[in-house]
Amino acid sequence: MAERALVVVPTYNEATNLPGLVPQILAQDARLEILVVDDNSPDGTGRIADGLAAGQGSRVHVLHRPGKAGLGTAYLAGFRWALERGYDYVLEMDADFSHDPAHLKQFLKAIADADLVLGSRYLHGKVTVVNWPIARLLLSYFANVYARLVTGLRIWDLTGGFKCFRRRALETIDLDSVHSNGYAFQIEMTFRAWRKKLKLAEIPIVFVDRTEGHSKMSRAIVREAIWTVPRLRLMAWFGRI
Ligand SMILES: Nc1nc2c(ncn2[C@@H]2O[C@H](COP(=O)(O)OP(=O)(O)OP(=O)(O)O)[C@@H](O)[C@H]2O)c(=O)[nH]1
Ligand SMILES: [Mg+2]
């Protein structure tokens, strides 16, 4: 049977971005389908997603959740949806055009030789971020230095959200025990994949700050990331991961 890849796109108030994004994703590769996971966005993103699904035949799907419950649980719901339906690859991607759909082909190429491919904004120390204020860039960069030092993972970008999992990777990781929800979710998934001896690969991506809609970054998300890193390390120490 032909290979199928599902791009999981979590949305919260992305009405200005989603209609442009969906056709661009589908145009990259015939194997690609999309699952929009919308948390009852007040701006009507969910209805827009339904319209796009109706117009794109069977390649666009929508999962509606009753309210804003965070990025991590949105992805976990998307991963389970994909596993139940037999997809070979599952990708994570933001709806705000920070992640260029043109990179999707590179992910599909790289996953042929890996279990998890990470899109990296800091590969070998080279910064490929466009239009972020310097304070935001420094926060992200040093968050990654911190996460790398504490976890011992030799990965340049642990907090990025543009990634591709081989089905086997999602089957191997114990999804029920993942409980971080913001940027920490990205670190936790990659850490768990590494602990399971899955093969990780990093490819360079150019990350562009959103021009439409609003950031959902918060202090709580940063705090969660700060605590999650040593928690993961300790759990690994005690053989819990
Ligand atoms: N379903 C769902 N999607 C979310 C939630 N929070 C953020 N998103 C979406 O997840 C993607 C990435 O969001 P964030 O990592 O919070 O980043 P952002 O809001 O784009 O902010 P920046 O980090 O400044 O780019 C975007 O497509 C958001 O719409 C949530 O609670 N539920
Ligand atoms: Mg964003």
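**Notes on the ligand site, pocket and cavity**

1. Let me start with a loop: N40 is found between β2 (32-38) and α2 (45-55). Its backbone deserves a look, since N40 has a positive phi of about 55 degrees although it is not a glycine. Please keep in mind throughout that this is a predicted model.

2. A second residue of this kind is K197, whose phi is near 65 degrees, again a positive value in a residue other than glycine. You will find K197 in the loop between α7 and β8 (200-204). If you check backbone angles before any set-up work, N40 and K197 are two entries to look for.

3. Now to the ligand. Which residues come closest to ligand 1? They are E14, D39, D96, S215 and K216, out of 20 residues that surround ligand 1. By class, the shell divides into eight nonpolar, four polar and eight charged residues.

4. Three polar contacts are worth displaying. The side chain of E14 has an N or O atom 2.6 Å from an oxygen atom of ligand 1. For S215, a polar side-chain atom lies 2.6 Å from an oxygen atom of the ligand. With D39, the ligand atom is a nitrogen, and the distance to an N or O atom in the D39 side chain is 2.7 Å.

5. How much of ligand 1 does the protein cover? On its own, ligand 1 has 620 Å² of accessible area, and the protein covers 96% of that. As for where the ligand is placed, ligand 1 sits in the largest pocket. The elements that give two or more residues to its shell are β1 (5-11) and α3 (71-84).

6. The pocket itself comes next. The largest pocket holds about 1,100 Å³ of space. Its lining is made of 49 residues, and those closest to the pocket centre are L71, R136, Y183, M217 and I221. Two or more lining residues come from each of β1, α3, α5 (134-151), α7 (183-195) and α8 (219-237). Which element gives the most to this lining? That is α8, with seven residues.

7. In terms of chemistry, the pocket lining has 24 nonpolar, 13 polar and 12 charged residues. You may like to set this beside the ligand shell, with its eight nonpolar, four polar and eight charged residues.

8. Finally, the enclosed space. Rolling a probe the size of a water molecule over the atoms shows where empty space is left. Here the count comes to one cavity of 30 Å³ or more, and the volume of the largest cavity is about 30 Å³. Y122, Y141, N144, V145, R148 and W156 line this cavity. Sorted by class, the cavity lining has four nonpolar residues, one polar and one charged.

Conventions:
Residues numbered from 1 in each chain as written. Chains lettered and ligands numbered in written order. Predicted model: local features only at pLDDT ≥ 70, side-chain atom pairs only at ≥ 80, totals over all residues. Heavy atoms only, no water. Near = heavy atom within 4 Å. Polar contact = N/O pair within 3.5 Å; in protein donor to acceptor, adjacent residues only side chain to side chain. Areas by Shrake-Rupley, 256 points an atom, 1.4 Å probe, with all protein chains shown as cover. 1 Å grid on protein atoms, 1.4 Å probe; cavity = no way out; pocket = protein on both sides within 12 Å on 5 of 7 lines; lining within 4 Å. Sits in = over half its atoms within 2 Å of the grid points. Helix = DSSP H or I, 4+ residues; strand = E, 2+ residues; numbered from the N terminus. Nonpolar A, V, L, I, M, F, W, Y, C, P; charged D, E, K, R; others polar. Points joined across faces, edges and corners; volume = space filled by probe spheres on them.
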